[in-house]
Amino acid sequence: MYIASAKRKENIAEYLLYMWQIEDIVRAYGPDIEKIRKSIIDTQSQLDDNQKKQLTEWYESLIDMMRREDVVKSGHLQLNKNVLTQLVELHSALLKDPRFPEYTKKFYEALPYIVELRSKSGDDRKGEIETCFNALYGMLMLRLQKREVSAETMDAINKISSFIALLSRYFHLDEAEQLFKDDDNRD
């Protein structure tokens, strides 16, 4: 909860990847709040009792949402889908706007890798932005497992990561209403 909140304010891409990881952690524990409390919450020695209570309530809320939304076995919570939708909408707006040539350039540098990844996904093809997040999440899982990654895969991940980092930066500027404001209206 505390990490998610900080990531949400700082970097929307890291937030979304973190929340996907939390969904998987909840799945790994059953989803059983007592197991989560014992293995995750109670081990947080830097948290006081009130913070542990808040963290427990946050996990209970996530478990409840996952059950109600039928994503206990797979899939993503609606709140995470909403973030992805916002990113897709911003992506489309940025591509259409000639004021963002750097963004368009980063996207086209990543596009061959996105297309390749989408072609490997079979019938379960996702949009370009979700494909990027799936690739980044997959890389995160490989790193956690300490598995080797080929140079070609690292090149793809670096291009995708650079593109998503720029999208994330623009997302936060957009949230602060500083992205699309008219240059002529500056003080």
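## Aromatic pairs

Nine aromatic pairs occur in this predicted model. One of them joins Trp20 and Tyr137. Their ring centres lie 5.9 Å apart, and the planes meet at 75°, an edge-to-face arrangement. This pair bridges distant parts of the chain. Trp20 belongs to helix α2, residues 12-28. Tyr137 belongs to helix α7, residues 128-144. The two are 117 residues apart. Are Trp20 and Tyr137 buried or exposed? Both are buried.

Phe107 and Tyr108 make another pair. Why is it edge-to-face? The ring planes stand at 65°, and planes over 60 degrees apart count as edge-to-face, so the pair falls in that class. Its ring centres are 5.1 Å apart. Phe107 has 3% relative accessibility. Buried means under 20%, so Phe107 counts as buried.

Phe107 and Tyr108 also belong to a cluster linked by ring pairs. The other members are Phe100, Tyr103, Phe163, Tyr170 and Phe180.

A ring can also meet a charge. The charged end of Arg8 sits over the ring of Tyr15, 6.0 Å from the ring centre. Tyr15 has a further link to the start of the chain: its C-alpha lies 8.5 Å from that of Ile3, with their positions 12 residues apart in sequence. Ile3 sits in helix α1, residues 2-10. Ile3 is partly exposed, at a relative accessible area of 47%.

## The overall fold

Which secondary structure elements make up the protein? There are eight helices and zero strands. From the N terminus on, the order reads α-α-α-α-α-α-α-α. The C-alpha trace spans about 50 × 45 × 30 Å along its principal axes.

The protein has 187 residues, and 35% of them count as buried. Consider the contacts between residues at least 6 apart in sequence. Of these, 67% join residues at least 24 apart.

## Helix packing around α8

Helix α8 covers residues 151-175. It packs against α7 and also against α5, residues 78-96. The table sets out both packings.

| Helix pair | Angle between axes | Distance between axes |
|---|---|---|
| α7 and α8 | about 125° | 10 Å |
| α5 and α8 | about 95° | 10 Å |

The angle for α7 and α8 makes α7 oblique to α8. For α5 and α8, an angle of about 95° lies in the range 65 to 115, so α5 is roughly perpendicular to α8.

On the α5 side, the contact is made by Gln86, Leu87, Leu90, His91 and Leu94. Their partners in α8 are Phe163, Leu167, Tyr170, Phe171 and Asp174.

The crossing of α7 past α8 is left-handed. In α7, the residues that meet α8 are Ile129, Cys132, Phe133, Ala135, Leu136, Met139 and Arg143. In α8, they meet Thr153, Met154, Ile157, Ile160, Ser161, Phe163, Ile164 and Leu167. Phe163 and Leu167 also appear in the contact with α5. Phe163 is a member of the aromatic cluster as well, and so is Tyr170.

## Thr131 in α7

Thr131 is placed in helix α7. Is Thr131 buried or exposed? Its relative accessibility is 7%, so it counts as buried. Which residues does Thr131 touch, leaving aside those up to four places away in sequence? They are Ile114, Leu117, Arg118 and Lys126.

## Backbone details

Most residues other than glycine have a negative phi, and most peptide bonds are trans. Some places in this model depart from that pattern.

The peptide bond from Gly30 to Pro31 is cis, with omega near -20°. Pro31 lies in the loop between α2 and α3, the latter being residues 33-41.

Lys146 is not a glycine, yet its phi is positive, about 55°. Lys146 is found in the loop between α7 and α8. Its relative accessible area of 74% makes Lys146 exposed.

Glu177 likewise has a positive phi of about 55° without being a glycine. Glu177 belongs to the segment after α8. With a relative accessible area of 67%, Glu177 is exposed.

Terms used: Residues numbered from 1 in each chain as written. Predicted model: local features only at pLDDT ≥ 70, side-chain atom pairs only at ≥ 80, totals over all residues. Heavy atoms only, no water. Phe/Tyr/Trp six-rings, centres within 6.5 Å; stacked < 30°, edge-to-face > 60°. Helix = DSSP H or I, 4+ residues; strand = E, 2+ residues; numbered from the N terminus. Buried < 20%, exposed > 50% of the residue type's maximum accessible area, 1.4 Å probe, protein only. Lys NZ or Arg CZ within 6 Å of the ring centre and 35° of its normal. Contact = heavy atoms within 4.5 Å. Axes fitted to C-alpha atoms, helices over the stretch in contact; angles between N-to-C directions. Parallel < 35°, antiparallel > 145°, perpendicular 65-115°, else oblique. Left-handed = near helix turned anticlockwise from the far one by under 90°.
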